[in-house]
Structures are given as C-alpha cells and as structure tokens.
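Me: I'm new to this structure, and I'd like to get to know one part of it well. Please pick a single helix and walk me through it slowly, together with whatever it packs against.

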Amino acid sequence: MMKIKASTWVWMVLLSLTLATILLGRQLGHGTVLVAAVLPLTLVKGHLVIDHFMGLRHTALHWRALVHCWLLLVLGAIALNFI
C-alpha cells in the first residue's frame, strides 16, 4: 500500500478548508457573519502553511511565534474592520 506523505495530507486539508470557505461565501454572501465564519478557517490554514510549507515547524520557538503572531495581527485587523 502506498504511503501518503504528511505534506500531502496537509495539502488536502488546505484544499478542503478552501472549498469550505468558498461554500460559506456562497451561502452567507457578505458581512460580519461571513467574516466570523471564514476567519477561523483562514487562521487554521495559515497555521498549517506556516508550520508545514514555510519550513518553520522545526525552527526556534521565537521565530514560529513571530510569524504566528503576525498572522493573528493581520486576521485581527480584518476582523476589526467588520465589527
């Protein structure tokens, strides 16, 4: 049986979350409800990309924390614009 690499699993999760985001966008239209539904998915996607595809998974904690904090800052700014 063929083994699937971890990065392939992460990529499939990213595709699934992207599909969920598109479907939510079509169902909810626009506005605060859509942002509240999509931002958590975006946060998860960002963390997966940072850890698995930017190569920061095995780096020093302070570098990972810096990039994760940057992601939280950007998503927080987006959320504040819709409150």
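Reply: The bend at a residue is the angle between two fitted axes, one for the seven residues ending there and one for the seven starting there. Helices here are DSSP runs (H or I, at least four residues; strands are E, at least two), numbered from the N terminus. This is a predicted model, in which local features need pLDDT of at least 70 and side-chain atom pairs count only at pLDDT 80 or more, while totals for chains, interfaces and linings use all residues. Residues are numbered from 1 along each chain as its sequence is written, and side-chain values use heavy atoms, with hydrogens and water left out.

Let's look closely at helix H2, which covers residues 32-53. A kink of about 25° lies at Val38 in H2, shortly before the proline Pro40. What about the span of H2? Its 22 residues should cover 32 Å at 1.5 Å a residue, and its end C-alpha atoms are 30 Å apart, which agrees; the expected span is 1.5 Å times one less than the number of residues. After H2 comes Gly55, whose phi is positive, near 75°.

Next, the inside of the helix. Buried means under 20% relative accessible area, exposed over 50%, and partly exposed in between (1.4 Å probe, protein chains only). The buried residues of H2 include Leu34, Val35, Val38, Leu39 and Leu41, and further along Gly46, Leu48, Ile50 and Asp51 are buried as well. Their cover includes helix H1 (6-28) and H3.

Take H1 to start with. The axes of H1 and H2 come within 10 Å and cross at roughly 165°, where axes are lines fitted to C-alpha atoms, for helices over the stretch in contact, and angles run from 0 to 180 degrees between N-to-C directions. H1 and H2 are therefore roughly antiparallel to each other (over 145 degrees; under 35 is roughly parallel, 65 to 115 roughly perpendicular, and the rest oblique). Their crossing is left-handed, meaning that the near helix is turned anticlockwise from the far one by less than a right angle, with clockwise giving right-handed. Among the residues making this contact (heavy atoms within 4.5 Å) are Trp11, Leu14 and Leu17 of H1 and Val38, Leu41 and Lys45 of H2. Lys45 touches Leu14, Leu17 and Thr18, not counting residues up to four places away in sequence. In H1, Val10, Leu14, Leu17 and Thr21 are buried, and their cover includes H2.

Now turn to H3. The axes of H2 and H3 come within 10 Å and cross at roughly 160°. That makes H2 roughly antiparallel to H3, and H2 passes H3 in a right-handed crossing. Residues of H2 that take part include Leu39, Leu43, His47 and Ile50, and those of H3 include Arg64, His68, Leu71 and Leu75.

Two residues of H3 are worth a stop. His68, in the helix of residues 61-81, counts as buried at 12% relative accessibility. Leaving out residues up to four places away in sequence, His68 touches His47, Ile50 and Asp51. Between Lys45 and His68 there are 11 Å in space, C-alpha to C-alpha, and 23 residues in sequence. Arg64 is partly exposed, with a relative accessible area of 23%. With the same sequence neighbours left out, Arg64 touches Asp51, Leu56, Arg57 and Thr59.
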